[in-house]
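Q: Could you take me on a close look at the metal site, with the cut-offs spelled out as you go? I'd like to know what holds the ion and how the site is arranged.

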Amino acid sequence: MSIQKTFKSLHYFCLSSLLLLPLVTQAKVKDPCPDWGARVKSFPVAICQSANVQPSNGRTVRGRTIYFQDTGPVNSSSRVLVIGAIHGDEQSSASLAFHWLNYAQKNNLNTYWRFIPIVNPDSLMSKPSRRTNANGVDLNRNFPTPNWNDEAKKHWEIRTRKDPRRFPGNQSLSEPESQFIVQQINTFKPTLIVSIHAPYGVLDFDGPKAPPKKLGFLYLDQVGIFPGSLGNYSGVHRGIPVVTVELPNSLDIPPPLEITKMWTDLTAWMNQTFSETAKRP
Ligand SMILES: [Zn+2]
C-alpha cells in the first residue's frame, strides 16, 4: 500500500470513528416492551413503553436484566413495592402490574411506588413459560424464613409430594431473583408489598395490619403460610405487610373496569390503614 493510500485509509478511519462516537455514547437502553408484548397475551405494549421502565442491577440466572420503575414523592412515608411475574407462567400478573404502574404515574396518591413488573423474565419468555426460574426453583419458596432448612424441603417432600413446580431450592436465597427482591426490601424499605399472581382468583394477606377485605372482584381468603414464601418472609417475619393478588386467569387480564376497581380499592385501603390518622391510637 502506498503512503498516500495508507494516509487516506487512516483519514477515513478517524473520520468514521468521530462520526460513530456520538452514536456509541448516546446509545439508548433497549426497549424491552415489544419482546414482552410478543410473548405475553393481553400485554399493554404502549403502556409499557410510556412507563419507561429502567434496567436495575438485578440479573436473572440466564443473565437477563430485571427492569423497574419508581414514581411518586421520594420522601413519602408511604413506600409500596409492587412485583409481578415472580412465577413466569402467570403472564397476566405482568400485564396488571403495568396497568397499575400507569395509574400510579398519573396519580401517585402521595405514595412512593417501585414497580418490578417482571421478576422472573427467564421463565416468562421461555416456551412454554414456567412457574419456576431457570434453575427449576420456585422463587416464592426460596425466601429465608426462619427454620427454612428444616421446613422448606420437608414441606416440599411431604405436602407437595416433590412437585417440581414447587421446589424451594437447595438452600434459601440460592437464586439471583430472590436475592434481588430481598435487596430491594433492604434498600427501598417498603412499608407495603403487593405481589401479583394467578390463577386462584382470591386475595391473600400476611403481616401486622388489618387486611383489605376485597380488591374489586377478589375477596380475602387467607390460605395459610408456606416456608420460604414472600408473604411469610416479609409479612410474618419482617413485619412488612404483603398483599397477594391472585388473578383468576394466568393469561387473560380482568376487564378494564375491574382493573380500575381493584386499584381504587387497594389505594382506599392503603389510605385507611397507613395514613397518619390511622396510626394514632
Ligand atoms: Zn404465583
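A: Happy to! Donors here are N, O and S atoms within 2.8 Å of the metal (3.2 Å for Na, K and Ca), and since water is not among the atoms, sites may look incomplete. Bear in mind that this is a predicted model, in which local features need pLDDT of at least 70 and side-chain atom pairs count only at pLDDT 80 or more, while totals for chains, interfaces and linings use all residues. Residues are numbered from 1 along each chain as its sequence is written, and side-chain values use heavy atoms, with hydrogens and water left out.

The zinc ion is held by ND1 of H87, two OE atoms of E90 and ND1 of H197, at 2.0 to 2.3 Å. Along the sequence, the donor residues follow the spacing H-x2-E-x106-H. The angles among the four donor atoms run from 58 to 151 degrees, and the site is irregular. For four donors, that label applies when they are neither tetrahedral (all angles between 85 and 135 degrees) nor square planar (opposite donors over 155 degrees apart and all others between 65 and 115). For reference, ideal angles at a metal are 109.5 degrees for four tetrahedral donors. As for the surroundings, H87 and E90 are both buried, meaning under 20% relative accessible area with a 1.4 Å probe and protein chains only.

Elsewhere, C33 and C48 are buried too, and they form a disulfide with an S to S distance of 2.1 Å, the cut-off for such a sulfur pair being 2.5 Å.

Note on methods. Buried means under 20% relative accessible area, exposed over 50%, partly exposed in between (1.4 Å probe, protein chains only). Four donors count as tetrahedral if all angles lie between 85 and 135 degrees; four count as square planar and six as octahedral if opposite donors are over 155 degrees apart and all others between 65 and 115; anything else is irregular.
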